[in-house]
4 protein chains.
Amino acid sequence: MLRLAELSPDVQAAVAQTRDNVAALHAELPRWGLVVWTAGNVSERVPGADLFVIKPSGVTYDQLTPEAMVVCTLDGAKIDDGTAASLAPSSDTAAHAYVYRHMPEVGGVVHTHSTYATAFAARRQPIPCVLTMCGDEFGGEIPVGPLAIIGDDSIGQGIVETLRGSRSPAVLMAQHGPFTVGQNGRAAVKAAVMVEEVARTVHAALQLGPVESLPDKMVDRLWERYQNVYGQH
Amino acid sequence: MLRLAELSPDVQAAVAQTRDNVAALHAELPRWGLVVWTAGNVSERVPGADLFVIKPSGVTYDQLTPEAMVVCTLDGAKIDDGTAASLAPSSDTAAHAYVYRHMPEVGGVVHTHSTYATAFAARRQPIPCVLTMCGDEFGGEIPVGPLAIIGDDSIGQGIVETLRGSRSPAVLMAQHGPFTVGQNGRAAVKAAVMVEEVARTVHAALQLGPVESLPDKMVDRLWERYQNVYGQH
Amino acid sequence: MLRLAELSPDVQAAVAQTRDNVAALHAELPRWGLVVWTAGNVSERVPGADLFVIKPSGVTYDQLTPEAMVVCTLDGAKIDDGTAASLAPSSDTAAHAYVYRHMPEVGGVVHTHSTYATAFAARRQPIPCVLTMCGDEFGGEIPVGPLAIIGDDSIGQGIVETLRGSRSPAVLMAQHGPFTVGQNGRAAVKAAVMVEEVARTVHAALQLGPVESLPDKMVDRLWERYQNVYGQH
Amino acid sequence: MLRLAELSPDVQAAVAQTRDNVAALHAELPRWGLVVWTAGNVSERVPGADLFVIKPSGVTYDQLTPEAMVVCTLDGAKIDDGTAASLAPSSDTAAHAYVYRHMPEVGGVVHTHSTYATAFAARRQPIPCVLTMCGDEFGGEIPVGPLAIIGDDSIGQGIVETLRGSRSPAVLMAQHGPFTVGQNGRAAVKAAVMVEEVARTVHAALQLGPVESLPDKMVDRLWERYQNVYGQH
């Protein structure tokens, strides 16, 4: 088992920073109503190392200190961080690891069972791009991934294959729930918040009548503008 | 009336610990939006004694100190805990007691009227197992119990008979609401949180179209894995 | 104008206590999600006097100190409480006053526009008694009152006439919202919380199929038991 | 670029006060559940100057100090406020500026993507005036504006043209979300809170059956009374 203490001081510092980030980002999941109990997780790639940091399994959001975060290799194996209380990583760790191995541009991954995104996933129905907010953030409809078998790489494969065919940073895994990615953990959390917001609003819209998709050209324009203009640069 | 002061020091210590647990666990019910006002209750069996601890009747969640918790025999009779302010137990005490008498493996019971689980109960409709989360936690569909008469053992009997025919730790009592069980109070609270989460999501899914149940083999696999792999061991 | 300073010390003390109660009870309205901004109000009769205390008009829930509460006669006229900052009473004061004049057993009145109760009111549809919780608290279906003209006693009359034909402490005023009553302000607030809880749950139940009303005899039994057994006596 | 330091002391004081107002008002958006992440903004006109203050782009509600607020001319150009950390204004700034240029009576503008108002906007369906609360606050149905092109004045024009044909302080921009106006920032925030409350309630009402619009005369009476009687004068 790889030992944290044997890694370079730079990597150890990067791990410590990533643990701080990941612990803090977990607070956003209950804050925005995306999770109950322990049912959601955030991970982030450690810059400059083939490692990522993820939530421990079955631990409540109140107990998520930086020290409780688990450090894993890109194969999803926990490394020895030298603490006696070292915890087992999330039961979704293999899926996160698969994404990091196959999508080098991804620096953060989030998985939740947020209500309305999961409701679309239960019906295996993509979320149509009927709102400017969806064009901005997702660049088109939010796609559905396959119903994946547990215990092999099916979930990770389904995520990666679906995301590669789309501009969307979110995929709705069939009868399971959303996974989101981003350039870092914070961006992936933002996508998890936004996929639920879009899903909830489109759900409400569709309950009382049909809705037209936005024209493709408008979606392109919204998405390009949002990538380049929005926020502080 | 049995007197707490006459019990062995070990049992008195176990009662004190269980009161702490039950008082703390009640805070989870409003936290996860399962209850309003005083409309839900948690109980836990006292280890090593034929006793359990339950919420007092009609007391708000703000006032639930360990001292306010009521200690009962497995017949549902309050014991004399030596305090002048001793409170009457929950009006659902007989149902909890029946479960403890007939299901020795159960260490905790929770009753709520959480919105979406109760909506399925109102229609007497089991919650179909259409989400991996439902397979994980409930091992199949979440069953409906009978419409029970008030004032005898009908509610307790209905809970026990329904749970015995299922892997689910939750039963939706017809036109009433969910009861959940677990190896201790915390596990029963978790099941109460999860039954509402699953009910809310499946409700949303069914509003906009049909949903397929997961294959039985996949449900078996999810459930077995979740019992054995999830969490810290 | 009646002056508070001219009333007996006993009445002044009762007014002060009622102001404390009414100010504190307003915090329950946003806490249980019954109101936004300033859109709901609580009043309570002053024991031993022909007075009641009510929310000032258009003031936010953060600013509701006991001193801000307005003291009115049973005709709905504000009395001079001797403070320079004296505020105008709620625009619903006339309706509260009408209830106090015509229902001497009522000690508290609450008005909200809580979402699901108001949705039934918008359709002028009583809430059917399909849940044991509704039998317990309301003793049958929750009735609808008339669409009342603004500016005379129509609202108060509609509340009183509808409540007199029912065991329910709540009435859904057509296309307006719920009014609830109780033996004091706290009981009326409880009824306001419970009418929304029942409305939300029955709304969810009816969205996915029909629901049967509970048998009348069961409702009678639930209601009688709840009046006599529930809570601390 | 206009420099804040060159403006008169009175204008500088008014800018400082407006920054305080706008920073504080942003806290109301998450408080009432109108926004997630950074997806909503408040602006307010600076009294006595051709300036307004608006949210910086892509900054979370936790970080919205008065100093972070951006000061703009009525053309939507940021002025130099002399701070090194000066932020870019909201990506919706051009729409706010257009409203201030063309509606001199408007002192505050708010934009959100609140769920139910946006669901009506997605269907391009006005919110019918079926509740007294809607008559009070909006004086009739809440209108829908056009689907506007991004990058020119289409959004601002659509807002202004739609509001001019209505008593409503809220417009639902098609497939986008609500914009609200008021005599100051606080009034526009109130309208944003109320449009979501009305939208949510009417959504729930319409889910289970048709609802009749209030008679025009009653709406007129509600609206006139609310403008003149409600609140503290």
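**Exercise 1. How is the interface of chain B and chain A built?**

Task: find the area buried between chain B and chain A, and what share of it carbon and sulfur atoms give.

Solution. Start with the area itself: about 2,900 Å² is buried between chain B and chain A, and carbon and sulfur atoms give 62% of this. Buried area here is the accessible area (1.4 Å probe) that two parts lose on being put together, summed over both. Next, look at who pays for it in chain B: Leu208(B), Tyr230(B) and Gln232(B) lose the most area to chain A, together 22% of what that side buries. Then count contacts, meaning heavy atoms within 4.5 Å: 32 residues of chain B touch 30 residues of chain A.

A word on the ground rules before going on. This is a predicted model, in which local features need pLDDT of at least 70 and side-chain atom pairs count only at pLDDT 80 or more, while totals for chains, interfaces and linings use all residues. Residues are numbered from 1 along each chain as its sequence is written, chains are lettered from A and ligands numbered from 1 in the order in which they are written, and side-chain values use heavy atoms, with hydrogens and water left out.

**Exercise 2. Polar links and helices on the chain B side**

Task: which residues form the salt bridge between chain A and chain B, and which helix supplies the largest share of the side of chain B that touches chain A?

Solution. A salt bridge is a side-chain nitrogen of Lys or Arg within 4 Å of a carboxyl oxygen of Asp or Glu. By that rule there is one across the interface of chain B and chain A. The partners are Asp62(A) and Arg31(B), whose closest N and O atoms are 3.0 Å apart.

Now widen the search to polar contacts (N or O atoms within 3.5 Å; within protein, one able to donate a hydrogen and the other to accept it, with residues adjacent in sequence counted only if both atoms are side-chain atoms). Nine residue pairs, both at pLDDT 80 or more, are in polar contact across this interface.

For the helices, use DSSP runs numbered from the N terminus (helices H or I, at least four residues; strands E, at least two). In chain B, α2 (28-31), α5 (132-138), α7 (185-207) and α8 (216-228) each supply at least two residues of the side that touches chain A. The largest share, 11 residues, comes from α7(B). Sorted by class, this side of chain B has 16 nonpolar, seven polar and nine charged residues. In this scheme Ala, Val, Leu, Ile, Met, Phe, Trp, Tyr, Cys and Pro are nonpolar, Asp, Glu, Lys and Arg are charged, and the others, Gly among them, are polar.

**Exercise 3. The interface of chain D and chain A**

Task: which three residues supply 28% of the area that chain D buries against chain A?

Solution. Begin with the contacts: 30 residues of chain D meet 32 residues of chain A. About 2,900 Å² is buried between the two chains, 62% of it from carbon and sulfur atoms. Trp37(D), Ile150(D) and Gln175(D) supply 28% of the area on the chain D side, more than any other three residues.

The rule finds one salt bridge here, with Arg31(A) and Asp62(D) as partners and 3.0 Å between the closest N and O atoms. Nine residue pairs (both at pLDDT 80 or more) are in polar contact between chain D and chain A. On the chain D side, α4 (115-123) and α7 (185-207) each supply at least two residues; the largest share, six residues, comes from α4(D). By class, this side of chain D holds 16 nonpolar, 12 polar and two charged residues.

**Exercise 4. Symmetry**

Task: what rotation superposes chain D on chain A?

Solution. Superpose by least squares on the C-alpha atoms of residues with pLDDT of at least 70 in both copies. A rotation of 90 degrees with 0.0 Å of shift along its axis lays chain D on chain A (RMSD 0.0 Å). That is the relation of a four-fold axis. In chain D, the C-alpha nearest the axis belongs to Gln207(D), 5.3 Å from it. Finally, compare the contact residues: 3% of those of chain D recur in chain A, and the copies use different surfaces.

**Exercise 5. A sheet in chain B**

Task: in what order do the seven strands of the open sheet of chain B lie?

Solution. Strands pair if DSSP finds at least two bridges between them. The order is β3-β2-β1-β4-β7-β6-β5 (chain B), with mixed pairing. At the edges, β3 (70-73) and β5 (144-145) of chain B each pair on one side only. Four bridges join β2 (residues 51-54) of chain B to β3(B), and the two run antiparallel. Val53(B) stands opposite Val71(B) in β3(B).
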